[in-house]
Amino acid sequence: MNAPTSLLSTASRTAAAPAHGSVDPASYRAAMRHHAGAVTILSAGGPGDRTGMTATSVCSLSDTPPRLIACVNRSASAHGLIRRTAAFGVNMLHADQAELANVFAGRRGIERDDRFSDADGWLSLATGAPILKDALIGLDCELIDEHAHDTHSIFVGAVRAMHLREGQTPLIYFGGAFCGLARRT
């Protein structure tokens, strides 16, 4: 059976496997840039001791009861604060919030609590984790489980409250850049 042309390996697309049989990290990161993902800000802490990070590694785990997972690098400032407070916010951004995604990705040199400079732009729901008022969706999560894998932890969050804004399109990360998503007709 012939594979579709788009699936055939070429010299420029093929990553040589190291001796131990896995793909090298740089090639894997390049490949994963082709996986479109919703852009979120994971947030934790309270006024004076908040931090957050831009992430696409968030997904629903179940709806009964509402649970989600978020994968966080253990070296990220948010990791320790999520563990210490046992709570985190998942703020799904809309297409007009690419600059905010850059700030929380560390691309503007702004760190920790300074990333929350617009005090009126954030609210607190059930757990106290920062929820962005202008986010497409804000999910307030209680940390109920953690699984450590290599450089990251998989946090399981019980959704305790949510904030939803209608009428916006999501911000997507694809091909190494932020982009909007055209509305379906």
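Modeller: Two strands pair if DSSP finds at least two bridges between them. The model here is predicted.

Colleague: What makes β11 and β12 a pair?

Modeller: They share four bridges, in the antiparallel sense. At least two are needed, so β11 and β12 count as paired. Within this pairing, Ile172 stands opposite Cys179 in β12. The hairpin of β11 and β12 has two residues between the strands, and Gly175 takes a positive phi near 65° there.

Colleague: How do you know that β1 pairs with β11?

Modeller: Two bridges join β1 to β11 (residues 171-174), and the strands run antiparallel. The cut-off is at least two bridges, so this pair meets it. Gly37 has Tyr173 as its bridge partner in β11.

Colleague: Why are β1 and β12 called edge strands?

Modeller: The open sheet has the order β1-β11-β12. β1 (37-38) and β12 (177-180) each pair on one side only.

Colleague: What makes the largest set of 18 residues a nonpolar core?

Modeller: A core requires buried residues of listed nonpolar types, joined through side-chain atoms within 4.5 Å. The 18 residues form such a set, so they are called a core. Leu42, Leu68, Ile82, Phe88, Val90 and Cys141 have the most contacts inside it. At least two residues of this core come from each of β2, β3, β5, α2, β6, β9 and β10.

Colleague: Which residues is Cys141 in contact with, leaving aside neighbours within four places in sequence?

Modeller: Leu68, Ala86, Ala87, Phe88, Val90, Thr127, Gly157, Ala158 and Val159. A second, separate core of 13 residues includes Ala101, Phe116, Trp122 and Ala135.

Notes
Residues are numbered from 1 along each chain as its sequence is written. This is a predicted model: local features need pLDDT of at least 70, side-chain atom pairs count only at pLDDT 80 or more; totals for chains, interfaces and linings use all residues. Side-chain values use heavy atoms; hydrogens and water are left out. Buried means under 20% relative accessible area, exposed over 50%, partly exposed in between (1.4 Å probe, protein chains only). Contact means heavy atoms within 4.5 Å.
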